[in-house]
Amino acid sequence: MKVLAVDLGATNGKIYEVELKEKLTVRELKRFRTEGIFLPGRDREHFLWNLPKFYEEIESVLETSDTQSVGVDTWGVDFALFDERGRLISLPYHYRDIRTEGVMEKVFDIIPKKYIFERTGTQFMEINTLYQLYSMVLSNDPFLKTTKHLLMIPDVFNFWLSGEMVSEYTIASTSQCYSVPEKRWAFDLLEKLSIPTEIFPKVVPPGTILGKCRVKKGINVIATACHDTASAVVAVPLEGEGIYISSGTWFLVGTELEEPLLTEEAMERNFTNEGGYGKIRFLKNATGMWLLEECNRMWKKNYSEIVEMAENAPSFQAFLDPDREEFLHPGNMLERIRSYLEKTGQRTLGGIGEISRLIFESLAFNSRWIVDQIEELTGRRYEKIHVVGGAVRNDLLMGFIADATGKIVVAGPVDATPIGNALVQFIAMGEIKDLDEAREVVRKSFELKIFEPKNPELWSEKYEEWRRYKEMRV
């Protein structure tokens with residue numbers, strides 16, 4: 001059996017054919033850029049997603065596909081608005097658009113932060129759907145008044161492909177408009193903020209067969225685990241409990257729980273409880289390869305060259321908190337990093353190797369910071385960290401994470417998100433029994449690399465130094 005897994009990330013879109021025999025075979029069919037676009041308005045430039053272009057790319061592959069089904073996963077929090085006839089009202093905003101700056105604090109003036117967390121279980125990020133929608137309320141946005149349907153980004157493609165207007169559970173859970181504990185939209189929150197509740201669709205579980213494809217007859221459209229991290233976690237080859245890092249533009253560092261963890265400590269440390277395939281994904285969103293991606297806009301180097309230069313650069317020349325607000329939006333990241341080092345009284349770095357090593361070391365330290373908190377909050381000790389996604393190609397970074405955390409790192413598979421996307425489709429069509437069997441298939445199908453800590457004592461010493469910069473307010 002073969003399925004089509006469409007994986008739309010914040011930088012690239014990739015379409016894969018995944019075949020299941022005794023093992024999984026993954027073949028990339030198409031790759032295209034999915035970066036946001038700036039379009040001018042009267043007041044400022046607006047940062048938007050060109051969804052029709054992405055749909056054209058998907059459509060072109062479907063037209064010649066001989067697969068049994070198709071599933072789409074994307075990033076979280078963003079959404080599109082439709083009128084009563086199912087027409088897209090406008091290109092949807094990119095989560096990095098500045099329209100949500102300061103909005104979260106205005107929401108807290110109306111609804112206590114603790115109440116929002118207890119109702120939704122979701123972490124607080126200014127990019128969340130809730131704050132994007134409230135920014136529209138504050139600006140009296142006419143689009144919100146004419147909207148009849150709100151769809152999260154993968155739900156848009158499911159609608160265009162199948163004709164069904166629904167929201168899939170894992171993607172809805174990223175919005176902070178959805179109650180993960182109660183598994184329904186948190187209408188009470190939305191009403192307090194004057195956000196129309198009638199625009200929110202029915203929520204369906206991952207693995208729901210929505211119907212036949214309108215582009216190519218005979219192909220089933222399946223609402224897979226539509227949040228890319230949820231799909232990636234399905235493909236994490238866990239045996240029992242463990243920590244995972246889904247690595248890409250973001251680092252999603254977490255573990256699986258049976259029920260949401262809604263303690264005040266979890267809220268204060270800004271962890272999130274997101275829907276997974278049969279589990280709760282208890283995790284923290286952290287900046288990932290975004291910093292390097294933005295730097296490389298100016299460097300224009302091959303990734304392997306950058307890693308080699310970082311490997312040859314001196315270690316621990318400076319320390320950086322990758323989650324600082326000034327690194328969130330697109331722009332001259334090299335200048336922002338230099339400015340940060342200057343403000344924090346550190347040596348200014350100039351070379352590609354120095355800056356990229358600084359980024360890799362800081363990502364490893366930040367991963368340890370989150371892993372330590374997960375262990376404290378859950379009361380559990382984990383021996384291994386499973387890293388999946390694009391960063392597993394970077395042996396240098398994988399070794400850094402092992403050293404920084406003092407734990408064994410199991411790296412792979414690289415294409416975890418489309419693999420997990422496909423696995424949910426196989427389960428939906430009865431080819432695989434359940435999640436445990438799916439993960440066994442992953443272990444049989446892909447080579448996994450093992451990284452053991454080599455110098456954890458030095459890294460622990462340097463971690464304490466890094467933490468001072470993490471906690472510094474400048």
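Buried means under 20% relative accessible area, exposed over 50%, and partly exposed in between, with a 1.4 Å probe and protein chains only. Helices (H or I, at least four residues) and strands (E, at least two) are DSSP runs, numbered from the N terminus.

The model is predicted: local features need pLDDT of at least 70, side-chain atom pairs count only at pLDDT 80 or more, and totals for chains, interfaces and linings use all residues. Residues are numbered from 1 along each chain as its sequence is written, and side-chain values use heavy atoms, with hydrogens and water left out.

**Exercise 1. Find out how many residues of helix α6 (residues 153–162) are buried, and what follows.**

Step 1. List the buried residues: Ile-153, Pro-154, Asp-155, Val-156, Phe-157, Asn-158, Phe-159, Trp-160, Leu-161 and Ser-162.
Step 2. Ten of the ten residues are buried, so α6 is largely enclosed by the rest of the structure.
Step 3. Look just past the helix. Gly-163 has a positive phi of about 90°.

**Exercise 2. Describe the six-stranded open sheet and its edges.**

Step 1. Recall the pairing rule: two strands pair if DSSP finds at least two bridges between them.
Step 2. Read the order: β3-β2-β1-β6-β14-β13, with mixed pairing.
Step 3. Pick the edges. β3 (24–33) and β13 (208–212) each pair on one side only.
Step 4. Add the twist, which averages 25° from one strand to the next.
Step 5. Inspect one pair. β13 and β14 are antiparallel over four bridges. Thr-208 stands opposite Ala-223 in β14.

**Exercise 3. Decide whether Asn-220 is buried or exposed, and place it.**

Step 1. Asn-220 sits in strand β14 (residues 220–223).
Step 2. Its relative accessibility is 14%, so Asn-220 counts as buried.
Step 3. Find its contacts, meaning heavy atoms within 4.5 Å. Neighbours within four places in sequence aside, Asn-220 touches Gln-68, Ser-69, Val-70, Ile-209, Gly-211, Lys-212 and Met-429.

**Exercise 4. Work out how α14 (residues 352–378) packs against α12 (residues 303–312).**

Step 1. Fix the terms. Axes are lines fitted to C-alpha atoms, for helices over the stretch in contact, and angles run from 0 to 180 degrees between N-to-C directions. Angles under 35 degrees count as roughly parallel, over 145 as roughly antiparallel, 65 to 115 as roughly perpendicular and the rest as oblique.
Step 2. The axes of α12 and α14 come within 7 Å and cross at roughly 90°. Therefore α12 is roughly perpendicular to α14.
Step 3. Name the contact residues. From α12 come Tyr-303, Ile-306, Val-307, Met-309, Ala-310 and Glu-311; from α14 come Ile-352, Gly-353, Ser-356, Arg-357 and Phe-360.
Step 4. Sort them. Ala, Val, Leu, Ile, Met, Phe, Trp, Tyr, Cys and Pro count as nonpolar, Asp, Glu, Lys and Arg as charged, and the others, Gly among them, as polar. This contact has seven nonpolar, two polar and two charged residues.

**Exercise 5. Describe the packing of α14 with helix α18 (residues 456–470).**

Step 1. Their axes are 10 Å apart, and the angle is about 90°. So α14 is roughly perpendicular to α18.
Step 2. Residues making the contact include Phe-365 and Trp-369 of α14, and Trp-459 and Trp-466 of α18.
Step 3. The contact divides into six nonpolar, three polar and five charged residues.
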